[in-house]
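Hello,

Here is the structure I promised to pass on to you. Please open it alongside this message, and then read on for what turned up.

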Amino acid sequence: MNTLYISDLDGTLLNRDAFLDDADREALGRLLDAGLAFTAATARTQATVKYILAGVPLRLPVILMNGVTWYDLARDAFVHTKYPSRQSLELMLDTAVNDVGTGFIYCIRDGRMTVYYENLDAPGAEDFLRERVERYGKRFTHTDDLRGTIDEGALFYSVQGPRALLERAAARLREDPGLHAECYRDIYYPDSWFLEVAAADASKRNAVLEMKTLYGFDRVVTFGDNLNDLPMFEVSDLRVAVSNARPEVRERADLVIDANTDHGVLKFLLEREGQN
């Protein structure tokens with residue numbers, strides 16, 4: 001059977017330092033060279049994924065920003081990007097400025113991504129920016145008004161903060177049928193939550209379905225640990241949670257494997273592919 005394997009990155013495939021261990025990198029490379037159909041679905045952008053997966057011979061695009069866009073690492077190019085309507089963007093940007101007051105707006109224009117911010121008041125925002133600049137060389141651009149990015153290819157909003165505040169903002173955004181808004185806990189800052197907003201059809205769920213159809217796979221196996229992985233579980237033939245996953249994810253899984261720190265995903269793939 002023609003099976004596609006898709007894994008979340010943070011908390012699932014990566015170790016606690018948000019890296020792919022050398023042994024896992026080598027094992028995954030061998031599996032891919034032997035014909036394994038595998039890719040990742042992550043909330044991350046291409047700047048960090050290119051660094052984390054450097055040298056891994058992926059033939060399929062990586063699903064980025066929870067389904068907003070796919071990125072072809074071999075071609076170094078965005079593919080299959082989904083933009084909200086202008087009306088939906090106006091609501092998204094007004095909510096970012098008025099209801100939350102901070103966060104990051106991601107734009108893709110002419111094949112180039114730019115990330116804008118007004119301030120770094122949100123919990124963890126300074127660490128988020130600093131790590132991505134120092135570790136991955138990612139670039140951020142300050143703006144006096146996030147609403148000015150509407151003509152710069154704005155397509156994704158991300159912010160960290162208290163759960164109650166973000167869920168209120170998410171409820172307002174969900175009133176627009178053109179938007180998809182989801183909240184989930186930050187695995188690196190347990191007291192903080194993420195709110196992420198994009199076009200209504202931009203989700204891990206739709207990305208899995210579209211990739212399955214586009215490449216002609218018969219079956220999809222997905223791996224996850226957090227609430228933003230549940231949408232792709234909905235359309236998977238086999239749902240696999242790592243043992244460190246949130247309870248809601250383990251409850252929805254068909255199978256629970258070893259934790260990310262115990263190489264659970266690679267152990268599963270090696271066993272299924274009959275390699276040691």
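Which residue stands opposite Leu238 in S13? That place is taken by Val221. Before going further, please keep in mind that this is a predicted model.

**Around strand S13**

Strand S13 covers residues 238-242, and four of its five residues are buried, so the strand is largely enclosed by the rest of the structure. Strand S12 (residues 219-224) is joined to S13 by four bridges, and the two run parallel. S13 also pairs with strand S14 (residues 255-257), again in the parallel sense, this time over three bridges. In that pairing, Val240 stands opposite Leu255 in S14. If you follow the chain from S13 through helix H9 (residues 247-252) to S14, you trace a right-handed β-α-β unit.

**Salt bridges**

There are 23 salt bridges in the structure. I picked out a few for you to look at.

One of them joins the side chains of Lys82 and Glu210, with 2.6 Å from N to O. This pair links distant parts of the chain, since its residues are 128 apart in the sequence. Lys82 sits in the loop between strand S5 (77-79) and helix H4 (86-100), while Glu210 belongs to helix H7 (residues 204-215). Are the two partners buried or exposed? Lys82 has 11% relative accessibility, and because the cut-off for buried is under 20%, Lys82 counts as buried. Glu210, at 26%, counts as partly exposed.

Another salt bridge is found between Glu90 and Arg86, whose side chains meet at 3.8 Å, N to O. Both residues lie in helix H4, four residues apart, which is about one turn of the helix. Glu90 is partly exposed at 38% relative accessibility, and Arg86 is partly exposed too, with a relative accessible area of 46%.

A third example to look at is the salt bridge between the side chains of Arg132 and Glu131, at 2.9 Å from N to O. Here Arg132 counts as buried, with 11% relative accessibility, whereas Glu131 counts as partly exposed, with 27%. Elsewhere, Asp8, Lys204 and Asp229 are joined into one network by salt bridges that share partners.

**Inside helix H4**

Helix H4 is worth a second visit for two further residues. Thr95 is found in this helix, and at 0% relative accessibility it counts as buried. What does the side chain of Thr95 touch? A polar contact of 3.1 Å joins the side chain of Thr95 to that of Arg172.

Ala96 lies in helix H4 as well, and Ala96 is buried, with a relative accessible area of 0%. The C-alpha atoms of Ala96 and Ala169 are separated by 8.4 Å, while the two residues are 73 apart along the chain.

**A patch on the surface**

Which residues form a nonpolar patch on the surface? They are Ile187, Tyr188 and Tyr189, and together they have about 260 Å² of accessible area. To find the patch, look for Tyr189 in the loop between strand S10 (179-185) and strand S11 (193-199). Tyr189 itself is partly exposed, with a relative accessible area of 33%.

**Two backbone angles to look at**

Most residues other than glycine have a negative phi. With that in mind, two loop residues caught my eye.

Ala18 has a phi near 65°, a positive value in a residue other than glycine. Ala18 is found in the loop between helix H1 (9-13) and helix H2 (22-33), and Ala18 is buried, with a relative accessible area of 2%.

Asp110 also has a positive phi, near 55°. Its place is in the loop between strand S6 (104-109) and strand S7 (112-117). Is Asp110 buried or exposed? At 78% relative accessibility, Asp110 counts as exposed, because the cut-off for that is over 50%.

Enjoy looking around, and write back with any questions.

Best wishes

Terms used. Residues are numbered from 1 along each chain as its sequence is written. This is a predicted model: local features need pLDDT of at least 70, side-chain atom pairs count only at pLDDT 80 or more; totals for chains, interfaces and linings use all residues. Side-chain values use heavy atoms; hydrogens and water are left out. A salt bridge is a side-chain nitrogen of Lys or Arg within 4 Å of a carboxyl oxygen of Asp or Glu. Buried means under 20% relative accessible area, exposed over 50%, partly exposed in between (1.4 Å probe, protein chains only). Patches are made of residues with over 30% relative accessible area and no salt bridge: like charges are joined within 9 Å, nonpolar side chains (Val, Leu, Ile, Met, Phe, Trp, Tyr) within 5 Å. Accessible areas come from the Shrake-Rupley method with a 1.4 Å probe; for residues, only the protein chains shown count as cover. Two strands pair if DSSP finds at least two bridges between them. A crossover is right-handed if, with the strands pointing away from the viewer, the path from the first strand over the helix to the second runs clockwise. A polar contact is a pair of N or O atoms within 3.5 Å; within protein, one must be able to donate a hydrogen and the other to accept it, and residues adjacent in sequence count only if both atoms are side-chain atoms.
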